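This briefing summarises the strand and helix arrangement of the structure shown below. It proceeds from helix packing to the two sheets and closes with a single residue.

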Amino acid sequence: MVEATRGVKAVKINGKEKGTDWITVPNVMYYDLYVNGERIAELRAMPFALRELAIGYLLANAYIEEPHMIESVSVSSDRIDVYTDSEFEFRYQYFKEKNMKPIEAVKIERITSNYQVSRDKIYEKLSLAEERAVLSKEIPGTNFAFVADYNGYFFLAEDVYPDSAFYKALGRAVSQNFDFRRSMVVVSDVLFPEFVVFSAYMGIPLAGSVRGVPSLSIDISETISGQTLFYVQPRSLVVLSNPQRII
């Protein structure tokens, strides 16, 4: 099994002083994803939580509609095989081909949930994520994502790639029969438009970021998904769309 990190020798330069030292860097791998023997995509990720990565990817990208259709997941050194039940019909949501523009072509159901979260609860969950995200604290270049609700459910994942952390968090929640319709997702990186669409497809009403939200993400939330988008500052929670869900 490949370790999540490895040590490398580096040169450290401090002012006029120069010396060598060992530092820890993340390992990244590439995996071919197959569903019932058909190659779907190439996934990139740190080599752990790969079952959750595959499940989150397939559901968020609308390849598979319901998690119960997945019967088993097998992981090898460079391949992930997902097997589904006999009633499975291969689906492919075309926003993966067309990306996010024109946004009118993105077909997702508008979220009308009246689920609400307090500002304090968001900061509480973020503090918990920052406490538990060991890699993100200790290894430069790693990111985290989490899915949480008001009832104490909390699913955290980390990876070098923000999208892989996002998929892993979704995959962990799915494995526990989590109710996405009464939840929020928060990423430590930028809340890219893809994250908005993928989380909306999962039915998540609130999506946030630590680093910021680009304009296209806001346009999608206002025009199509109906989600509440926000980003977190040390003292202020900045809500960019549908603020009625944050109290």
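**Helix packing and sheet architecture**

Helices α6 and α7 are roughly parallel to each other, because the angle between their axes falls under 35 degrees. The model is predicted. It contains an open sheet of four strands and an open sheet of six strands, and helix α1 packs on the sheet of four.

**Helices α6 and α7**

- Helix α6 spans residues 193-201 and helix α7 spans residues 215-225; their axes come within 8 Å and cross at roughly 30 degrees.
- The crossing of these two helices is right-handed.
- On the α6 side, the contact is made by Pro193, Val196, Val197 and Ala200, while α7 contributes Leu216, Ser217, Ile220, Ser221 and Ser225.
- By class, the residues of this α6-α7 contact comprise six nonpolar, three polar and no charged.
- Ser217, Ile218, Ile220, Ser221, Ile224 and Ser225 of α7 are buried.
- The buried residues of α7 pack against α6 and also against strands β11 (228-232) and β12 (237-241).
- Just after α7, Gly226 adopts a positive phi of about 75 degrees.

**Helices α5 and α6**

- The axis of helix α5 (residues 162-174) comes within 11 Å of that of α6, and the two cross at roughly 10 degrees.
- That angle makes α5 roughly parallel to α6.
- Pro162, Asp163, Phe166 and Tyr167 of α5 meet Phe195, Phe198 and Ser199 of α6 in this contact.
- The residues of the α5-α6 contact divide into five nonpolar, one polar and one charged.
- Helix α5 also lies across strands β7 (143-148), β8 and β9, and runs at about 150 degrees to β8.

**The six-stranded sheet**

- Six strands form an open sheet in the order β8-β7-β9-β10-β11-β12, and the pairing is mixed.
- Strands β8 (154-159) and β12 are the edge strands, each pairing on one side only.
- From one strand to the next, the twist of this sheet averages 20 degrees.
- Within the sheet, β9 (residues 184-187) and β10 (residues 206-209) pair in the parallel sense over four bridges.
- Met184 has Leu206 in β10 as its bridge partner.

**The four-stranded sheet**

- The open sheet of four strands has the order β4-β3-β6-β5, with mixed pairing.
- Strands β4 (38-45) and β5 stand at the edges with a single partner strand each, so one side of each is left without a neighbour in the sheet.
- The twist averages 20 degrees from one strand to the next in this sheet.
- Strand β3 (residues 29-35) and β4 run antiparallel and are joined by seven bridges.
- Asp32 has Glu42 in β4 as its bridge partner.
- Strands β5 (residues 70-75) and β6 (residues 79-84) pair in the antiparallel sense over five bridges.
- A hairpin of three residues joins β5 to β6, and Val75 stands opposite Ile80 in β6.

**Helix α1 on the four-stranded sheet**

- Helix α1 (residues 50-60) touches β3, β4, β5 and β6, and its direction makes about 120 degrees with that of β4.
- Ten of the eleven residues of α1 are buried, so this helix is largely enclosed by the rest of the structure.
- The buried residues of α1 are Leu50, Glu52, Leu53, Ala54, Ile55, Gly56, Tyr57, Leu58, Leu59 and Ala60.
- Just after α1, Ala62 has a positive phi of about 70 degrees.

**Ile122 in helix α3**

- Ile122 lies in helix α3, which covers residues 119-132.
- Ile122 counts as buried because its relative accessible area of 1% is under the 20% cut-off.
- Leaving aside residues up to four places away in sequence, Ile122 touches Val117, Met184, Phe230, Val232, Leu237 and Ile246.
- Among these contacts, Met184 is the residue whose bridge partner in β10 is Leu206.
- The C-alpha atoms of Ile122 and His68 are separated by 30 Å, and the two residues are 54 residues apart along the chain.

Key
Residues numbered from 1 in each chain as written. Predicted model: local features only at pLDDT ≥ 70, side-chain atom pairs only at ≥ 80, totals over all residues. Heavy atoms only, no water. Pairing = 2+ DSSP bridges. Axes fitted to C-alpha atoms, helices over the stretch in contact; angles between N-to-C directions. Contact = heavy atoms within 4.5 Å. Parallel < 35°, antiparallel > 145°, perpendicular 65-115°, else oblique. Left-handed = near helix turned anticlockwise from the far one by under 90°. Nonpolar A, V, L, I, M, F, W, Y, C, P; charged D, E, K, R; others polar. Buried < 20%, exposed > 50% of the residue type's maximum accessible area, 1.4 Å probe, protein only.
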